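Trainee: Before I use any label for this model, I would like to see how each one is earned. Could we take them in turn?

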Amino acid sequence: MVQIIISSSGPGSLAEWVLMELQGEIEARYSTGLAGNLLGDLHYTTEGVPVLIVGHHILYGKIIHLEKPFAVLVKQTAAEQDCDEPACEPGTRYLVTALIRNKILFKTRPKPIITSVPKKV
């Protein structure tokens, strides 16, 4: 039998993350990928509606509460563990670093942001 050890650093220390769900596909301008790059700006209206601005486009979304929350796990191998206790077991452990209880769903097509329309001459 394989045992997987999952632990947290303590109560109250878990971060609260939000999952963003977009319809369609996001492509990077260059072939570097999206990891570590800024996607856009997330704002909320006075009514609490999430608004995502990506370049010259705007998306309106809604907040959905997840029935089953997700846990964000970080894998720790035996070499990465700082355990000096005799009861500490060697092997791979998973540390819970955050919980995801809500997601923001953007299911409509992006609308272009037009600041000024030139007048016809």
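Mentor: What follows is a set of questions about labels, each answered by setting a value against its cut-off.

Trainee: How do you know how far this model can be trusted, and which element has the lowest mean pLDDT?

Mentor: The model is predicted, and the mean pLDDT of the protein chain is 82, with 79% of its residues reaching 70 or more. Among the elements, strand β1 (residues 5–8) has the lowest mean pLDDT, 68, whereas β3 has the highest, 94. Local features need a pLDDT of at least 70, and where pLDDT is low, the predicted coordinates should not be read in detail.

Trainee: What makes up the secondary structure, and how many helices and strands are there?

Mentor: The protein chain has zero helices and eight strands, so that, read along the sequence, its pattern is β-β-β-β-β-β-β-β.

Trainee: What makes β3 and β8 edge strands?

Mentor: Four strands form an open sheet in the order β3-β4-β5-β8, with antiparallel pairing. Within that sheet β3 (41–44) and β8 (111–112) each pair on one side only, and this is what the term edge strand refers to.

Trainee: How do you know that β5 and β8 count as paired, and how many bridges do they share?

Mentor: Strand β5 (residues 57–60) and β8 are joined in the antiparallel sense over two bridges. Pairing requires at least two bridges, so the criterion is met. One residue to look at is H57, whose bridge partner in β8 is P112.

Trainee: What joins β3 to strand β4, and which residue of β4 is the bridge partner of L42?

Mentor: Four bridges pair β3 with strand β4 (residues 50–54) in the antiparallel sense, and the partner of L42 in β4 is L52. The two strands form a hairpin with five residues between them, and G48 in the turn has a positive phi of about 90 degrees.

Trainee: Which strands pair with β7, and in what sense, parallel or antiparallel?

Mentor: Strand β2 (residues 15–22) runs parallel to strand β7 (residues 93–106) and is joined to it by eight bridges, with L19 standing opposite K103. Strand β6 (residues 62–76) pairs with β7 in the antiparallel sense over eleven bridges, and there H65 stands opposite N102.

Trainee: Why is the contact between E16 and R101 called a salt bridge?

Mentor: The side chains of E16 and R101 meet at 2.8 Å, N to O, and since the cut-off is 4 Å between a side-chain nitrogen of Lys or Arg and a carboxyl oxygen of Asp or Glu, the pair qualifies. E16 lies in strand β2 and R101 in strand β7, 85 residues apart, and the pair thereby links distant parts of the chain. Both ends are partly exposed, with a relative accessible area of 42% for E16 and 35% for R101.

Trainee: What is the N to O distance between K103 and E21, and is K103 buried or exposed?

Mentor: The side chains of K103 and E21 meet in a salt bridge at 2.7 Å, N to O. K103 lies in strand β7 and E21 in strand β2, so the pair ties together parts that are 82 residues apart in sequence. K103 has a relative accessible area of 18%, and because buried means under 20%, K103 is buried. E21, at 28%, counts as partly exposed, because its value falls between 20% and 50%. A search of the whole structure finds two salt bridges.

Trainee: Why is V54 called partly exposed?

Mentor: V54, in strand β4, has a relative accessibility of 23%, and because buried means under 20% and exposed over 50%, V54 counts as partly exposed. Leaving aside neighbours within four places in sequence, V54 is in contact with L39 and L59. The C-alpha atoms of V54 and L42 are separated by 8.9 Å, with their positions twelve residues apart along the chain counted as the separation.Trainee: What makes I63 eligible for the nonpolar patch on the surface?

Mentor: I63, found in strand β6, has a relative accessible area of 46%, and because patch residues need over 30%, I63 passes that cut-off. The patch is formed by M20, I26, L34, L39, L42, Y44 and I63, with about 580 Å² of accessible area together.

How values were computed:
Residues numbered from 1 in each chain as written. Predicted model: local features only at pLDDT ≥ 70, side-chain atom pairs only at ≥ 80, totals over all residues. Heavy atoms only, no water. pLDDT = per-residue confidence, 0-100. Patch = residues over 30% accessible without salt bridge, like charges linked within 9 Å, V, L, I, M, F, W, Y side chains within 5 Å. Areas by Shrake-Rupley, 256 points an atom, 1.4 Å probe, with all protein chains shown as cover. Buried < 20%, exposed > 50% of the residue type's maximum accessible area, 1.4 Å probe, protein only. Contact = heavy atoms within 4.5 Å.
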